[in-house]
Amino acid sequence: MQTMEPQSTPSKRKPNWNAEETLALTNLVDENKHIIRGKLGPNLTSDLKNRTWQNIAQTISAMGLGPARSSLEVEKKWHNIFSKSKSEISEHRRTLSGTGK
């Protein structure tokens, strides 16, 4: 008796973000930073933030710079860029304030 197990094909990895996609993302986030970086309140809801990330993902996909990206992928990429830049700035400040060995 054979069991009917669904065949799961390993999902293929999407290609890395290219420079044009990353630049488009930073420009679109800059245009919408008042929503993305704003504090939640009566005028700014998490639903509005989610819709903004969806719009950014659709815009990047429509540009045809790379594969279609979901709003979660776009948001994660932005947080990775933001985190990396903060750590690089911190490292630079640390070297500036060093005693100069």
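How many helices and how many strands does the secondary structure of the chain come to? The count is 4 helices and 0 strands, and going from the N terminus the order is simply α-α-α-α. Keep in mind as you look around that this is a predicted model. The chain has 101 residues, and buried ones make up 21% of them. As for how the chain comes together, take the contacts between residues at least 6 apart in sequence: 58% of these join residues at least 24 apart.

Let's go inside. Nonpolar side chains tend to be buried together in soluble globular proteins. Here the largest nonpolar core has 11 residues: Trp17, Leu25, Leu28, Val29, Ile36, Trp53, Ile56, Ala57, Ile60, Val74 and Trp78. Three elements each give two or more residues to this core, namely α1 (19–31), α3 (46–63) and α4 (71–96). The top contributor is α3, with 4 residues.

A good place to stand in this core is Ile56. Setting aside neighbours within four places in sequence, Ile56 is in contact with Leu25, Leu28, Val29, Asn32, Ile36 and Val74. Most of those names should look familiar from the core list, with Leu25, Leu28, Val29, Ile36 and Val74 among its members.

Now pull back to the pairing of α1 with α3. The two helices pack at an angle of about 145°, and their axes are 10 Å apart. Their crossing is right-handed. On the α1 side you'll find Ala24, Leu25, Leu28 and Val29, which meet Trp53, Ile56, Thr59, Ile60 and Met63 of α3. Sorted by class, this contact has 8 nonpolar residues, 1 polar and no charged ones.

What about Asn32, the polar name among the contacts of Ile56? Asn32 lies in the loop between α1 and α2 (33–36). A polar atom of the Asn32 side chain lies 2.8 Å from the backbone oxygen of Leu28. Beyond its neighbours within four places in sequence, Asn32 is in contact with Thr52 as well as Ile56.

One last stop is Ser46. This residue lies in helix α3, the helix that runs 46–63. Is Ser46 buried, exposed or partly exposed? Its relative accessibility is 46%, so Ser46 counts as partly exposed. From Ser46 you can also look back to Ile36: the two residues are 10 apart along the chain, and their C-alpha atoms are separated by 9.4 Å. Ile36, for its part, belongs to the largest nonpolar core and is one of the contacts of Ile56.

Key
Residues numbered from 1 in each chain as written. Predicted model: local features only at pLDDT ≥ 70, side-chain atom pairs only at ≥ 80, totals over all residues. Heavy atoms only, no water. Core = buried A, V, L, I, M, F, W, Y, C linked by side-chain atoms within 4.5 Å. Buried < 20%, exposed > 50% of the residue type's maximum accessible area, 1.4 Å probe, protein only. Contact = heavy atoms within 4.5 Å. Axes fitted to C-alpha atoms, helices over the stretch in contact; angles between N-to-C directions. Left-handed = near helix turned anticlockwise from the far one by under 90°. Nonpolar A, V, L, I, M, F, W, Y, C, P; charged D, E, K, R; others polar. Polar contact = N/O pair within 3.5 Å; in protein donor to acceptor, adjacent residues only side chain to side chain.
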